Amino acid sequence: MDSRPLGTTGFDVSEIALGTWQLGGSWGSVTDDEAYDAIEAALDAGIDFLDTADVYGDGDSERRIGDALADRDDDVVVATKAGRRLDPHEADGYNRENLERFVDRSRDNLGVDSLDLVQLHCPPRDVYYRPEVFDALSELRDAGKIDHYGVSVEKVEDGLKAIEYDGVETVQIIFNPLRQRPAELFFREAKRRNVGVIVRVPLASGLLTGALSEDAEFGEDDHRNFNRHGEAFDVGETFAGIPFEDGLAAADAIQEVVPEGVSLAQFTLRWILSFDAVSTVIPGSKTPAHIRDNVAAASLPPLSADQFQRVEEVYDAYAREHVHHRW
């Protein structure tokens with residue numbers, strides 16, 4: 001698997017990485033052994049970038065990563081996030097004291113002296129207009145508690161504002177065939193400023209795996225059940241914000257242009273990697289077989305112009321009206 005530079009961090013990371021929301025919570029229960037098996041499968045397949053957050057399972061995801069890496073000698077970059085532990089989750093809480101507290105907790109969870117990369121975790125819009133927040137992150141970097149910092153954003157506008165700050169080296173954003181707006185201005189500006197782009201929700205919460213149907217059932221502790229309409233957090237995090245039925249129809253339409261022997265998930269990941277502004281993609285899974293299948297997408301041949309056109313047509317027909325103006 002090829003690697004790509006992660007902005008100005010100095011890290012070269014695998015094109016396919018592992019998102020570990022599933023290894024903490026909000027996707028149904030997962031045991032320690034299941035989490036360790038998933039992490040080991042990812043590392044064995046060539047993944048060297050893991051993305052987590054301090055709120056995934058109230059720190060379970062971070063702790064499981066720390067324990068798994070302690071038993072191996074892999075050179076792995078671990079990115080975590082901070083901010084969503086605030087209650088209430090308001091801009092005023094994004095201060096030096098709270099950020100340092102969150103960073104220290106993540107350092108303990110992961111068992112490291114300094115965090116490779118810390119990302120503000122989809123903070124309120126006002127945070128992006130407070131230079132003192134980014135000054136605090138720079139101070140934590142200077143103090144040796146973090147090596148690099150970036151942001152995870154909900155909206156393109158937030159990403160564009162964040163990269164105006166010199167210290168922001170990465171932006172994590174939702175991008176997939178059902179959420180195409182970042183490929184317009186944001187990707188162009190991120191590339192111009194040499195900002196690393198981490199793509200999350202690449203498979204639209206499972207819609208773009210081809211494994212879901214209208215009668216799919218999700219557990220009470222699965223966000224695809226309890227956040228279907230944005231009841232718990234931004235609805236764009238669940239099925240990429242597209243209504244479930246429209247998403248199923250879109251997935252079926254994209255499936256028609258997927259080559260024989262390639263899964264819809266692999267086709268989707270290959271589509272995302274076709275954009276050179278993208279540094280890495282972080283599909284999440286707790287299933288080793290799925291993780292290996294995702295990694296295989298990086299070695300697929302480039303998509304044709306006709307395939308790109310067909311994906312654009314599907315977006316226009318099923319997704320654009322729901323998502324393009326919102327995120």
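1. Two residues are in contact when heavy atoms of one lie within 4.5 Å of heavy atoms of the other. With that in mind, and remembering that this is a predicted model, one can begin with helix H11, whose buried residues pack against helix H8 (244-255) and helix H9 (264-273). The buried residues in question are Gln307, Val311, Val314, Tyr315, Ala319 and Val323. Helix H11, which covers residues 305-323, also has a kink of about 50°, and this kink is centred on Asp316.

2. Strand E6, made up of residues 117-121, deserves a careful look, and a student may ask how many of its residues are buried. Five of the five are buried, so the strand is largely enclosed by the rest of the structure. On one side of the pairing pattern, E6 is joined to strand E5 (residues 77-82) in the parallel sense, over four bridges, and within this pairing Leu117 of E6 is the bridge partner of Ala79. The strands E5 and E6, together with helix H3 (residues 96-110), make a right-handed β-α-β unit.

3. Strand E6 also pairs with strand E7 (residues 149-152), to which four bridges join it, and these two strands run parallel. Here Val118 stands opposite Tyr149, a residue of E7. To get from E6 to E7 the chain passes through helix H4 (residues 131-142), and this β-α-β crossover is right-handed.

4. Arg64 belongs to helix H2 (residues 60-70), and a reader might ask whether this residue is buried or exposed. Arg64 is buried, because its relative accessible area is 7%, which falls under the 20% cut-off for a buried residue. Its side chain makes a polar contact of 2.7 Å with the side chain of Asp32. Leaving aside residues up to four places away in sequence, Arg64 touches Asp32 and several others, among them Leu23, Val30, Tyr36 and Ile39.

5. Asp158, found in helix H5 (residues 156-162), is likewise a charged residue to examine, and with a relative accessible area of 6% Asp158 is buried. Which side chain does the side chain of Asp158 join through a polar contact? The partner is Arg125, at 2.3 Å. When residues up to four places away in sequence are not counted, Asp158 touches Arg125, Tyr128 and Val153. The C-alpha atoms of Asp158 and Pro182 are separated by 11 Å, although these residues are 24 places apart along the chain.

6. Turning to the aromatic rings, the count of aromatic pairs comes to 14. One of them is formed by Phe218 and Phe239, a tilted pair whose centres are 6.0 Å apart and whose planes make an angle of 55°. This pair links distant parts of the chain, since Phe218 sits in the loop between strand E9 (196-200) and helix H7 (223-226), Phe239 sits in the loop between H7 and H8, and 21 residues separate them. Both residues are buried, Phe218 at 15% relative accessibility and Phe239 at 1%. Phe239 also forms a tilted pair with Phe244, with 4.9 Å from centre to centre and 40° between the planes. Phe244, at 5% relative accessibility, counts as buried.

7. A further point concerns a group of rings, for ring pairs link Phe175, Phe186, Phe187, Trp271, Phe275 and Phe308 into a cluster.

Key
Residues numbered from 1 in each chain as written. Predicted model: local features only at pLDDT ≥ 70, side-chain atom pairs only at ≥ 80, totals over all residues. Heavy atoms only, no water. Bend = angle between axes of the 7 residues up to and from the residue. Buried < 20%, exposed > 50% of the residue type's maximum accessible area, 1.4 Å probe, protein only. Pairing = 2+ DSSP bridges. Right-handed = clockwise from strand over helix to strand, strands pointing away. Polar contact = N/O pair within 3.5 Å; in protein donor to acceptor, adjacent residues only side chain to side chain. Phe/Tyr/Trp six-rings, centres within 6.5 Å; stacked < 30°, edge-to-face > 60°.
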